[in-house]
Amino acid sequence: MSAVYLVTGGSRGIGAAVARLAGATGADVCVNFVSNRDAADQVVSDVVAAGGKAIACQGDMAVEADVVRVFDACEEAFGKVTVLVNNAGILDQEGRLEDFSADRIAKIIDLNVTGALLCAREATRRMSTANGGDGGSIVNISSMAATLGGGAVYLDYAVSKGAIDTLTTGLSREVAREGIRVNGIRPGIIETEIHASGGNPTRAADLADTVPMGRPGTAEEVAEAVLWLASDKASYVTGTTINVSGGR
Ligand code: NAP
């Protein structure tokens, strides 16, 4: 039986790399996006071209009804989700906490924390053997910002990723006997469009020298770690968060 991946924010960046790699390994993939249908369709085409099956599924992962609808659509297309990659996440312009508006902070927390909790809840409801499910795996995408703190740039974002690390620890213990493994990844500085969305498109290259390995990472390098954690090769791994950060 194929794995069924739901990748939130699967249309671009790290999520897209995860979706492509999962498809290439024979998984069925639900590629969630919020507004960029063309990018999601491209990821679906890439998976299909590699011989896999995928659908694009619009939904704002900060909105409960959308989260439920996306899980339902994935289930309808491929059967029960076996892997949730809790990846959709945003940041905002670089700055200091004293300048952040309540709206800005709420927007980040709504998606990065509440949305991730809702996606994990939905996965748990459907995967847990205690609820008649078949088990599964959840991989939460955190950030090195959770440990470095994001001070003077994205403190609100870093706080949201600290919450993701707590989600990984707490939920892994909650469902460890119900067939669900819950792990996380802390990417370092990865070449994606998220830096442009924070107003600094050259950020990854600019910070290369701050990385012990001397370069930013690629979305594909993060995807490899996600796929391993999600796979049966990591069958005794739960509650762990792996840094994929070039030593940062
Ligand atoms: P990205 O290139 O900006 O892509 C963001 C993805 O999230 C897109 O697919 C986007 O969909 C989707 N998205 C945004 N808002 C959404 C919403 N409300 N509901 C559903 N999907 C939504 O970002 P990335 O760099 O790949 O980041 C992915 C994850 O890795 C995030 O959680 C981020 O915090 C984390 N991370 C990234 C880095 C890095 O250096 N890149 C480092 C550490 C952690 P559309 O295409 O429809 O807009």
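In this predicted model, helix H4 makes the largest contribution to the lining of the second largest cavity, supplying four of the residues there. That lining is made up of Thr-8, Met-61, Asn-86, Ala-88, Leu-111, Gly-115, Ala-116 and Cys-119, and by class it holds five nonpolar residues and three polar ones, with no charged residue. The space in the second largest cavity comes to about 30 Å³, and the structure holds two cavities of 30 Å³ or more.

The largest cavity encloses about 40 Å³ of space. Its lining consists of Asn-86, Asn-87, Ala-88, Asn-112, Ala-116, Ile-141, Lys-161 and Ile-164, and the elements that give two or more residues to this lining are helix H4 (102–127) and H6. Four nonpolar, three polar and one charged residues make up the lining of the largest cavity when it is sorted by class. Asn-86, Ala-88 and Ala-116 appear in the linings of both cavities.

Turning to the open spaces, the largest pocket has a volume of about 1100 Å³. It is lined by 45 residues, of which Asn-87, Gly-89, Ile-90, Leu-91 and Ile-194 are the closest to its centre. Two or more residues of this lining come from each of H1, S2, H4, helix H5 (145–148), H6 and H7. Sorted by class, the lining of the largest pocket comprises 20 nonpolar, 17 polar and eight charged residues.

The second largest pocket holds about 340 Å³ of space. Of its 17 lining residues, those closest to the centre are Thr-82, Val-83, Ala-230, Ser-231 and Asp-232, while strand S5 (136–141) and helix H9 (219–230) are the elements that give two or more residues to the lining. The residues that line the second largest pocket divide into six nonpolar, eight polar and three charged.

The ligand sits in the largest pocket. Around the ligand there are 32 residues, and Ser-11, Ile-14, Asn-87, Tyr-157 and Thr-192 come nearest. Asn-87 is thus named in three settings: it lines the largest cavity, it is among the residues closest to the centre of the largest pocket, and it is among those that come nearest to the ligand. The shell around the ligand draws at least two residues from each of helix H1 (13–24), strand S2 (28–33), helix H6 (155–174) and helix H7 (194–197), and by class it contains 13 nonpolar, 15 polar and four charged residues.

Polar side-chain atoms of three residues lie at the following distances from an oxygen atom of the ligand.

| Residue | Distance to a ligand oxygen atom |
|---|---|
| Arg-12 | 2.8 Å |
| Lys-161 | 2.8 Å |
| Thr-192 | 2.5 Å |

On its own the ligand has 910 Å² of accessible area, and the protein covers 94% of it. Lys-161, whose side chain has an N or O atom 2.8 Å from an oxygen atom of the ligand, is also one of the residues that line the largest cavity. Thr-192, with an N or O atom of its side chain 2.5 Å from a ligand oxygen atom, is likewise one of the residues that come nearest to the ligand.

Terms used:
Residues are numbered from 1 along each chain as its sequence is written. This is a predicted model: local features need pLDDT of at least 70, side-chain atom pairs count only at pLDDT 80 or more; totals for chains, interfaces and linings use all residues. Side-chain values use heavy atoms; hydrogens and water are left out. A residue is near a molecule or strand if one of its heavy atoms lies within 4 Å of it. A polar contact is a pair of N or O atoms within 3.5 Å; within protein, one must be able to donate a hydrogen and the other to accept it, and residues adjacent in sequence count only if both atoms are side-chain atoms. Accessible areas come from the Shrake-Rupley method with a 1.4 Å probe; for residues, only the protein chains shown count as cover. On a 1 Å grid over the protein atoms alone, a cavity is a set of points where a 1.4 Å probe fits but cannot get out, and a pocket is an open set with protein on both sides within 12 Å along at least five of seven lines; lining residues have an atom within 4 Å of a point. A molecule sits in a cavity or pocket if more than half of its atoms lie within 2 Å of its grid points. Ala, Val, Leu, Ile, Met, Phe, Trp, Tyr, Cys and Pro count as nonpolar, Asp, Glu, Lys and Arg as charged, and the others, Gly among them, as polar. Grid points are joined across faces, edges and corners, and a volume is the space filled by probe spheres set on the points.
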